[in-house]
Amino acid sequence: MNLQQHFTGRIFQQISETADALGVECYVVGGYVRDLFLRRDSTDIDVVVIGSGIAMAEAFGRTLGKGAHVSVFRNFGTAQVKFHDMGVEFVGARRESYQHDSRKPIVEDGTLEDDQNRRDFTINAMAVCMNRARFGELIDPFDGLSDLDDKIIRTPLDPDITFSDDPLRMMRCIRFATQLNFYIDDDTFESLSRNIERINIISKERIAEELNKILLSPIPSKGFIDLDRSGLLQLIFPEMVALQGSDNSHGRSHKENFYHTLEVVDNIALHTDNLWLRWAALLHDIGKPRTKRWDQRLGWTFHNHNFIGARMIPDIFRKMKLPMNEKMKYVQKLVDLHMRPIVIAEDEVTDSAVRRLLFEAGDDIDDLMTLCEADITSKNETKKQRFLDNFKLVRQKLIDLEERDRIRNFQPPVTGDEIMRVFNLPPCAEIGILKAYIKDAILEGTIPNDHDAAFALMMQKATELGLTSQS
């Protein structure tokens, strides 16, 4: 590949001219170079300077002029220049050493060789010179280009040192292999497995960030299988490991829920890049180990696993430092409701059952249906097709009922304030009874979703409760 032709834009021309004007060597390194060879788009550029990265960034920002924004991080010896949709980060070449209880390195000025030695993987250690005299020259001391061709993740130096120094690299190793669909070199993987206990010095937030990237990969199951094979999954997500295995009693066994879950996640990945829907898929059966029971008549059961799983989610999110906001509530809702469409699809698809589903799912109904369709992983193609056909009926009925009854996110047409005013009531249990009665009547299809019908039903029920209108 003629690299010069890939560095013809104004940004690279200005980097080259700025470096030569300052009399310093500089190189584009890491992910931008890797993605260039992989023909992947990349908007973030990392530049190593043999000298001061901050001085280079400030001079570079001045050459770009209006529209360039320079951010300096002196504690880290780095600076970032934002220009339109591009970001260029400058750092001085450095040598790093580590203490056993921290992933924060002791940093010293270094050479390009020192800087490439400290990189996590060979495919991220390639550098391209930006100085005019050597513009476009590839410096690839660890043969990262061959590893790209062979689809291999490998560390530049001794993997035991690489992973022990910065244990987050273990998560990154599996994440890159998953994102790129690469194979982890045997020596590298064995070292990763030897060093898994070192993950305990890494913050939960950084681990969650890597898990999210694995989940957003084209085939997330690849990453979770590698996490499991290495032993890391037991340390960072034991609730998922608990899904493994299939018990046998009286010649009857149950579905292996770990690999079923991964299949569901992969199915979801085919349809959407919604991270939190992928989390819902990952957690949809998380309550099964706690609800597994043997029943002499029914065999293995997992009654209420959706309800128990939904209750587990806040603790899982809190422990893993995932957001405790509406994103967590969204995942919790989908896990709680994921059995409802399946139950409806197994029986006759009645209007009332679909209305209640629509009422409870609200705006998340489409995501819920996508999750439930992904959850059909039976190897019995006839059974699988029957469920999928029934889900089509459910989806159509959802559309028809929503157009007719406006159930999604509906509020009862008679409000609590109106009930209090009509009967001159203070806040009391009767108000809740009347509102629930109206809601149930609408969801059952007994009355339409409009004010007059609801008001008439309220008056009828109020008489039964001994309430008298004050108007």
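## Charges over aromatic rings

In this predicted model, the charged end of Arg175 is placed over the ring of Phe176, at 4.4 Å from the ring centre. A second arrangement of this kind involves Lys288, whose charged end sits over the ring of Phe302, 4.9 Å from its centre.

## The pair of Phe121 and Phe176

The structure contains nine aromatic pairs. One of them joins Phe176, the ring beneath the charged end of Arg175, to Phe121 in an edge-to-face arrangement, with 6.0 Å from centre to centre and 80° between the planes. The two partners belong to distant parts of the chain, 55 residues apart, since Phe121 lies in the loop between helix H4 (112–117) and strand E8 (127–129), while Phe176 lies in helix H7 (residues 168–180).

Phe121 has a relative accessibility of 0% and therefore counts as buried. Phe176, with a relative accessible area of 5%, is buried because the cut-off for that class is under 20%.

## The pair of Phe237 and Trp279 and its cluster

Phe237 and Trp279 form a tilted aromatic pair, in which the centres are 6.3 Å apart and the planes are 45° from one another. Phe237 is located in the loop between helix H11 (232–236) and helix H12 (238–241), and Trp279 in helix H14 (residues 275–283), so this pair ties together parts that are 42 residues apart in sequence.

Both Phe237 and Trp279 are buried. They also belong to one aromatic cluster, which is formed by Phe237, Trp276, Trp279 and Phe317.

How values were computed
Residues numbered from 1 in each chain as written. Predicted model: local features only at pLDDT ≥ 70, side-chain atom pairs only at ≥ 80, totals over all residues. Heavy atoms only, no water. Phe/Tyr/Trp six-rings, centres within 6.5 Å; stacked < 30°, edge-to-face > 60°. Helix = DSSP H or I, 4+ residues; strand = E, 2+ residues; numbered from the N terminus. Buried < 20%, exposed > 50% of the residue type's maximum accessible area, 1.4 Å probe, protein only. Lys NZ or Arg CZ within 6 Å of the ring centre and 35° of its normal.
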